[in-house]
Amino acid sequence: MIAILGTGKMGEALLSGLLRAGRPPSAVVAAVRREERAAELRERYGVQAADATSAAKMADTLVLAVKPQDMGRLLDEIAPVVPAATLIISVAAGITTEFIGQRLPGQLPVVRVMSNTPVLVDEAMSVISAGAHAGEEHLRRAEELLSPVGKVLRIPESQQDAATALSGSGPAYVYYLVESMVDAGILLGMARGTALEMITQAVYGAAKMLRESGEHPVILREAVTSPGGTTISAIRELEKHGVRAAFLAAIEAARDRGRELGANLGEHSLREQSLGEQSLGEQSLGEQRLGEQRLGK
Ligand SMILES: NC(=O)c1ccc[n+]([C@@H]2O[C@H](COP(=O)([O-])OP(=O)(O)OC[C@H]3O[C@@H](n4cnc5c(N)ncnc54)[C@H](OP(=O)(O)O)[C@@H]3O)[C@@H](O)[C@H]2O)c1
C-alpha cells in the first residue's frame, strides 16, 4: 500500500500517475486534512482518503508531498505510528533525507526527489537521491513511482540544490525565453497570438529533436546555422549581449539561493522543535513565503 501524505498539486499528479501505471485504487491511500478534498479524491480516483496518521499506519511506502514549511509538523504527527522498514519518499524541495530521518523513529530508508511542474503533463524531470539507509531496492521503488509522470535520474544528494536550479526552475527559464521571443515577434509586427504559437511549437519541436536524436545541442544548432545566413547574425547578437554568461550566472545564483533557503528551513525546524507543540500553529508570513519561494511561487 502506498500513502500519499499531502495530496495537493504534486501529490495528485503522482496519484494519477500511479493509477495510470496500473496500480489498483485499493492499493493507494491519499492523506488530506480537509473532508471536501477527501470526497473529491475518492470520487475522482476511487482511492481511500484519510488523515495522515491513519494513512501512514496502513502503508509500506509513504510519499511526503506537503509544502516544505509543513514537513516538520507532518513528520511529528506520523512519527509515533510509522511501521518499521517503511520506505519514505519525499518530494519536498529543500528538505534533506537527514532531516526526515532524524524526525522519524529507527533507521528508515529515505529517498529524496526533486521534480518540476511538467509533472502535470507527465513530462516531469525527477532527480532522486538515496539517504543514508536507502539502497538499490528503495531507489528502484522510487523510480517505479515517478516514471509514469516523466523521466527519472539518480544523483548524489549533494547535487540536489544544483538540480533544483537546473531542472526544478528550468521550465521557468524556458517560459522567460518564450516571453522574450514573443516580444521580438511583436517588434517585427507579428500578432502576439501568432508569435506565441510559432515559438511554442519551435520550442516543443527543438526539445523533441534533442531528446529523440540524442545529438549534442551544438550539432543541432550548427545544422541550422548556414554560412553568412540569418541564424549566425542572431547568434552574434546573443554572444555580444552575453546571454551564455547570463545563464551561467543565473543558474549559479539559483543554486546558491537554494542552499540558503534549505539552511533557513533547517534552522526554522530546529527552532520550532525547541519551542515545542505550542508554537506549531503559529507560522510567520516570512516562513510561509520561504517555502513558497522554494516552489518558485
Ligand atoms: N507543484 C510542483 O510542480 C512541485 C514541483 C516540485 C516539487 N514540489 C514539492 O511538492 C510539495 C507539494 O507542493 P504542491 O505544489 O503540491 O503544494 P500543495 O498543492 O499546497 O499541496 C500540499 C498539500 O498537502 C496538504 N497537507 C499539508 N499538511 C498536511 C497534513 N499534515 N496532512 C495531510 N495533508 C496535508 C495540503 O492540504 P490543504 O489543501 O488543506 O492545505 C495540500 O493539499 C512541496 O514540498 C514542493 O516542494 C512540487
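**Reading the helices and the sheet**

Modeller: Let's start with helix H1, keeping in mind that this is a predicted model. H1 lies across strands S1 (2-5), S2 (28-31) and S4 (61-64), and runs at about 160 degrees to S1.

Colleague: Which other helix packs on the sheet, and which strands does it touch?

Modeller: That is helix H7 (residues 160-168), which touches S6 and S7. The direction of H7 makes about 35 degrees with that of S6.

Colleague: Now the sheet itself. In what order do the strands come?

Modeller: The order is S3-S2-S1-S4-S5-S6-S7-S8, 8 strands in an open sheet with mixed pairing. At the edges are S3 (48-50) and S8 (150-154), each pairing on one side only. From one strand to the next, the twist averages 25 degrees.

Colleague: How many bridges join S6 to S7?

Modeller: There are 4, between S6 (residues 110-114) and S7 (residues 124-130), and the two strands run antiparallel. For Met114, the bridge partner in S7 is Val127.

Colleague: Back to helices. How do I read a packed pair?

Modeller: Two packed helices are described by the angle between their axes and the distance between the axes. Here, the axes of H1 (residues 9-20) and H2 (residues 35-45) come within 12 Å and cross at roughly 25 degrees. Angles under 35 degrees count as roughly parallel, so H1 is roughly parallel to H2. The crossing is right-handed.

Colleague: Which residues meet there?

Modeller: From H1, Glu12, Leu15, Ser16 and Leu19; from H2, Arg37, Leu41, Arg44 and Tyr45. By class, this contact has 4 nonpolar, 1 polar and 3 charged residues.

Note on methods
Residues numbered from 1 in each chain as written. Predicted model: local features only at pLDDT ≥ 70, side-chain atom pairs only at ≥ 80, totals over all residues. Heavy atoms only, no water. Axes fitted to C-alpha atoms, helices over the stretch in contact; angles between N-to-C directions. Parallel < 35°, antiparallel > 145°, perpendicular 65-115°, else oblique. Left-handed = near helix turned anticlockwise from the far one by under 90°. Contact = heavy atoms within 4.5 Å. Nonpolar A, V, L, I, M, F, W, Y, C, P; charged D, E, K, R; others polar. Pairing = 2+ DSSP bridges.
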